[in-house]
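The following exercises introduce a structure through a set of tasks, each followed by a worked solution. Please attempt each task before reading its solution.

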Amino acid sequence: MAPTIDIEARFLDYVTAENKVEAKDWMPEGYRKTLVRQISQHAHSEIVGMLPEANWITRAPSLRSKLILLAKVQDEAGHGLYLYSAAETLGTSRDEMIADLHSGKAKYSSIFNYPTLSWADMGAIGWLVDGAAIQNQVMLCRASYGPYSRAMVRICKEESFHQRQGYEIMLHLAKGSQEQKDMAQDALNRWWWPSLMMFGPSDDNSPNSAQSMAWRIKRKSNDELRQEFVDKTVPQAKFLGLSIPDADLRWNEALGQHDFGSIDWNEFFAVVAGNGPCNSERIEARRKAHAEGAWVREAASAYAAKQSGRRSHDSTTKPQAA
């Protein structure tokens, strides 16, 4: 009698050996669904994340600031497109993913449901939000799914520029007038805890993490990534002369890392559930933009069909060599 082959066990051995899974390869249905959920959520976050920053393009304090912010928002649009394309290789359509976003079925990063109240928020988002994103995403450059990992290589390079841009804004404000320094401190106060929430629920309340790590989609747990982010960011805040808004923050010599206060998980889950300060505003803005952009998609489709027909005609009428 021939031995029974456990194909899922072979798949696990394959990814454990650091091999890449490509779109045409066999994969467990759970692996595919996990990737669709994660990649589409990542794409939605890039697209929705354009909104709070685009709000400040016309109010940037200088032409240089305006150009940099415009380039950053443009990068984020590109990131969304890369990621939607990666998710499409798994058999789901872009129209389906966008419909799920607009209906509220699909989630995106909770951080983008907070308002941007001052120019300093552009600095805090670049420094903290993009910094947390980089902490999360660098490991995804080694994700087991090839199309996702390759998209992340370029995205991480551009995100590092975004973080430097944000830190530069904070540095200028922190070294400026007292009013400017107060503005920077206020932004840090408002964005610090939501940035820590970006890494997701604590490990004991994160049902997807263990399996994602086993499949080599992610490499570190939520709490590990959060701790690394805190340890990197605290000295950066000290250099700026700003104070982290956490009375429990202190260096733990025995562990070689910072202890920090408890996150308000009630706030996190409320925002994820759609009850944040800007949830409805963000989704309505996306629905409106999608509806108003219908003519552009129709025109692009018509042009593509015309070009395809022209190429087909040219190939059939091309003279044959004697």
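Helices (H or I, at least four residues) and strands (E, at least two) are DSSP runs, numbered from the N terminus. The model is a predicted one, in which local features need pLDDT of at least 70 and side-chain atom pairs count only at pLDDT 80 or more, while totals for chains, interfaces and linings use all residues. Residues are numbered from 1 along each chain as its sequence is written, and side-chain values use heavy atoms, with hydrogens and water left out.

**Exercise 1. The chain as a whole**

Task: State how many helices and strands there are in the chain, and what share of its residues is buried.

Solution. Step 1: the chain has 13 helices and 2 strands. Step 2: the C-alpha trace spans about 80 × 60 × 40 Å along its principal axes. Step 3: accessibility is classed by relative accessible area, where buried means under 20%, exposed over 50%, and partly exposed in between (1.4 Å probe, protein chains only). Of the 322 residues in the chain, 46% are buried. Step 4: a contact means heavy atoms within 4.5 Å. Among contacts between residues at least 6 apart in sequence, 77% join residues at least 24 apart.

**Exercise 2. Salt bridges**

Task: Determine where in the chain the partners of the salt bridges R32 to E29 and R216 to E18 lie.

Solution. Step 1: a salt bridge is a side-chain nitrogen of Lys or Arg within 4 Å of a carboxyl oxygen of Asp or Glu. The structure holds 16 of them. Step 2: R32 and E29 form a salt bridge with an N to O distance of 2.8 Å. Both residues lie in helix α2, 3 residues apart, which is about one turn of the helix. R32 is partly exposed because its relative accessibility is 23%, and E29 is partly exposed at 41%.

Step 3: in the salt bridge between R216 and E18, the closest N and O atoms are 3.7 Å apart. This pair links distant parts of the chain, 198 residues apart: R216 is in the loop between α9 (209-214) and α10, and E18 is in the loop between α1 (7-16) and α2 (29-48). R216 counts as partly exposed because its relative accessibility is 21%; E18, at 42%, is also partly exposed.

Step 4: K220 and E228 meet in a salt bridge of 2.8 Å, N to O. K220 is partly exposed at 31% relative accessibility, and E228 is partly exposed at 25%. Elsewhere, E18, R216 and R219 are joined into one network by salt bridges that share partners.

**Exercise 3. The surroundings of N222**

Task: Is N222 buried or exposed, and which residues is N222 in contact with beyond its neighbours within four places in sequence?

Solution. Step 1: N222 lies in helix α10 (residues 222-240). Step 2: N222 is buried because its relative accessible area is 4%. Step 3: apart from neighbours within four places in sequence, N222 is in contact with F199, G200, P201, D203, S206 and S209. Step 4: for P201, the backbone oxygen lies 2.9 Å from a polar atom of the N222 side chain.

**Exercise 4. The largest nonpolar core**

Task: Identify the residues that touch the most other members of the largest nonpolar core.

Solution. Step 1: a nonpolar core is a set of buried Ala, Val, Leu, Ile, Met, Phe, Trp, Tyr and Cys residues joined through side-chain atoms within 4.5 Å. Step 2: the largest core has 75 residues, of which Y31, L35, I39, Y145, Y148, W191 and W192 touch the most other members. Helix α6 (residues 120-137) gives this core its largest share, 9 residues. Step 3: leaving out residues up to four places away in sequence, I39 touches L83, A86, A87, L90, Y145 and Y148.

**Exercise 5. Two domains**

Task: Describe how domain 1 and domain 2 meet, starting from the area they bury between them.

Solution. Step 1: domain bounds come from an automatic or database domain assignment, and here they give domain 1 (7-265) and domain 2 (277-321). The C-alpha centres of the two domains lie 29 Å apart. Step 2: 13 residues of domain 1 are in contact with 9 residues of domain 2. Step 3: buried area is the accessible area (1.4 Å probe) that two parts lose on being put together, summed over both. Domain 1 and domain 2 bury about 1100 Å² between them, with 65% of it on carbon and sulfur atoms. L51, H102 and N113 supply 53% of the area that domain 1 buries against domain 2, more than any other three residues. Step 4: the rule finds 0 salt bridges across the interface of domain 1 and domain 2.

Key. Polar contact = N/O pair within 3.5 Å; in protein donor to acceptor, adjacent residues only side chain to side chain.
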